[in-house]
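Biologist: Hi! I'd like to go through this model with you, a few residues at a time. Could you pull it up?
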Amino acid sequence: MSLKNINVSKAGPNCGAFIEGVDLSKDLSVNVVAELRQALGEHGVLFFREQNMDPSHHIALAEKFGGVNINRFFAHVEGWPQIAEVRKEPDQKANIGGGWHTDHSYDQIPALGSILVARETPTIGGDTIFSSQFAAYEALSDGLKEMLDGLKAVHSSRHVFGKGARYKERGEDLGGRLGNEDAAQQDAIHPVVISHPISGKKALYVNPGFTLRFDGWTDEESKPLLETLYAHAARQEFTYRFQWSKGSVAFWDNRATWHMALNDYQGERRLMHRITVEGEPVTT
Ligand code: SIN
């Protein structure tokens with residue numbers, strides 16, 4: 001990708017890109033923001049190394065791309081309600097975001113994406129895996145593409161953040177890090193295949209975290225096809241595994257990627273700051 005103001009190099013063959021030549025603590029010019037937006041629409045997730053951003057820089061960066069979505073469910077950084085804390089203490093076993101998902105697909109207008117900044121990382125482990133839903137869609141057969149084109153799916157926040165959340169059924173110790181369960185009232189219906197708002201590329205838009213069923217189908221009828229799509233979309237060739245170090249930043253686009261945080265660093269602390277940026281309606 002040839003851009004004038006930033007250096008973009010692919011992270012994996014099908015997912016993500018590393019960006020160099022940008023100091024995210026600075027007031028970015030309109031041209032740099034436009035090129036970052038273009039790269040996001042092309043690669044789905046952008047990675048930056050050795051950034052030195054404080055919370056005010058983090059917010060200023062997010063606001064270049066849209067309004068800040070104040071998270072309803074996550075604990076926030078003290079004094080900074082715009083910044084959600086993704087934290088795991090040495091004595092906690094469960095992590096946040098440990099299964100494949102796309103943030104905010106349960107909202108009528110899903111968030112554009114999130115900017116995650118590594119504040120404290122374990123000595124080894126705690127990587128995040130991303131999967132390109134552009135690549136996943138592209139690799140489907142023509143027959144399945146044709147079938148999915150007319151379908152919509154129902155997404156919800158209730159089973160993830162609500163009173164009967166599955167993490168509670170599993171006995172996971174997420175209390176104190178997630179809360180406000182009464183606010184988990186969101187259900188939304190979106191096309192199963194969307195055209196990306198920036199690049200126009202087609203992406204698969206169902207995810208194991210928040211999608212419940214195809215619209216107009218029962219859960220049972222939906223399950224086999226959803227599971228086929230999930231197994232396909234998580235194929236290794238569509239993914240990139242990012243290793244964090246303090247000061248690393250990932251900016252992912254929820255309309256183009258899934259992500260999953262690995263939980264392989266028991267006994268160590270991992271602390272990330274996340275800002276979610278508002279998006280626009282997703283359409284075919
Ligand atoms: C998330 O799902 O937002 C958290 C990702 C991570 O901690 O790597």
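Modeller: Happy to. A word on terms before we start: contact means heavy atoms within 4.5 Å. Also keep in mind that this is a predicted model.

Biologist: Thanks. With that in mind, what does H259 touch, not counting residues up to four places away in sequence?
Modeller: H259 touches G99, W100, H101, D103, T128, I129, F130, W252 and N254.

Biologist: And is H259 buried or exposed?
Modeller: H259 has a relative accessible area of 5%, and the cut-off for buried is under 20%, so H259 counts as buried. As for its place in the fold, H259 lies in strand β16.

Biologist: Which side chain does the side chain of H259 make a polar contact with?
Modeller: That would be D103, at 3.3 Å. The side chain of H259 also has an N or O atom 3.1 Å from an oxygen atom of the ligand.

Biologist: Oh nice, let's talk about the ligand then. Which residues surround the ligand?
Modeller: The surrounding residues are V86, G97, H101, L116, T128, W252, H259, A261, R270 and R274.

Biologist: Which strands each supply at least two residues of that shell?
Modeller: β16, residues 257-261, and β17, residues 270-277, each do that.

Biologist: I see two arginines in your list. How far is a polar side-chain atom of R270 from an oxygen atom of the ligand?
Modeller: For R270 the distance is 2.8 Å. In the case of R274, an N or O atom of the side chain is 2.6 Å from an oxygen atom of the ligand.

Biologist: And how much of the ligand does the protein bury?
Modeller: The protein buries 100% of the 260 Å² that the ligand exposes when taken alone. The ligand takes up the space of the largest cavity.

Biologist: Good. Moving on to E85: where is it?
Modeller: E85 is in strand β6, which covers residues 80-88.

Biologist: A glutamate in a strand, okay. Is E85 buried or exposed?
Modeller: E85 is buried, because its relative accessible area is 15% and buried means under 20%.

Biologist: What is the side chain of E85 joined to by a polar contact?
Modeller: The partner is the side chain of R87, at 2.8 Å. Leaving aside neighbours within four places in sequence, E85 is in contact with F74, A75, H76, V77, L271, M272 and H273.

Biologist: V77 is in there, so tell me about that one. Where is V77 placed?
Modeller: V77 belongs to strand β5, residues 76-77. Its relative accessible area is 9%, and V77 is buried.

Biologist: What is V77 in contact with, leaving aside neighbours within four places in sequence?
Modeller: I83, A84, E85 and H273. If you want a distance, the C-alpha atoms of V77 and I59 are 12 Å apart in space, with their positions 18 residues apart in sequence.

Biologist: Switching to backbone angles. What is the phi of E50 near?
Modeller: Phi of E50 is near 50°, a positive value in a residue other than glycine. E50 lies in the loop between β3 (45-48) and α2 (55-63). At 74% relative accessibility, E50 is exposed.

Biologist: And what about the phi of H104?
Modeller: H104 has a positive phi of about 65°, and H104 is not a glycine either. The loop it sits in runs between β6 and β7 (113-120). H104 counts as buried, at 2% relative accessibility.

Biologist: Let's finish with a couple of aspartates. Where does D23 lie?
Modeller: D23 is in the loop between β2 (17-20) and α1 (30-43). D23 is partly exposed, with a relative accessible area of 34%. Its side chain makes a polar contact of 2.7 Å with the side chain of S25. Beyond residues up to four places away in sequence, D23 touches L28 and Q51.

Biologist: And which loop is D215 found in?
Modeller: D215 is in the loop between β13 (211-214) and α7 (219-233). D215 counts as partly exposed, at 38% relative accessibility.

Biologist: What does D215 touch, not counting residues up to four places away in sequence?
Modeller: D215 touches K152, A153, V154 and I189. The C-alpha atoms of D215 and P191 are separated by 9.3 Å, and the two are 24 residues apart along the chain.

Technical notes
Residues numbered from 1 in each chain as written. Predicted model: local features only at pLDDT ≥ 70, side-chain atom pairs only at ≥ 80, totals over all residues. Heavy atoms only, no water. Helix = DSSP H or I, 4+ residues; strand = E, 2+ residues; numbered from the N terminus. Buried < 20%, exposed > 50% of the residue type's maximum accessible area, 1.4 Å probe, protein only. Polar contact = N/O pair within 3.5 Å; in protein donor to acceptor, adjacent residues only side chain to side chain. Near = heavy atom within 4 Å. Areas by Shrake-Rupley, 256 points an atom, 1.4 Å probe, with all protein chains shown as cover. 1 Å grid on protein atoms, 1.4 Å probe; cavity = no way out; pocket = protein on both sides within 12 Å on 5 of 7 lines; lining within 4 Å. Sits in = over half its atoms within 2 Å of the grid points.
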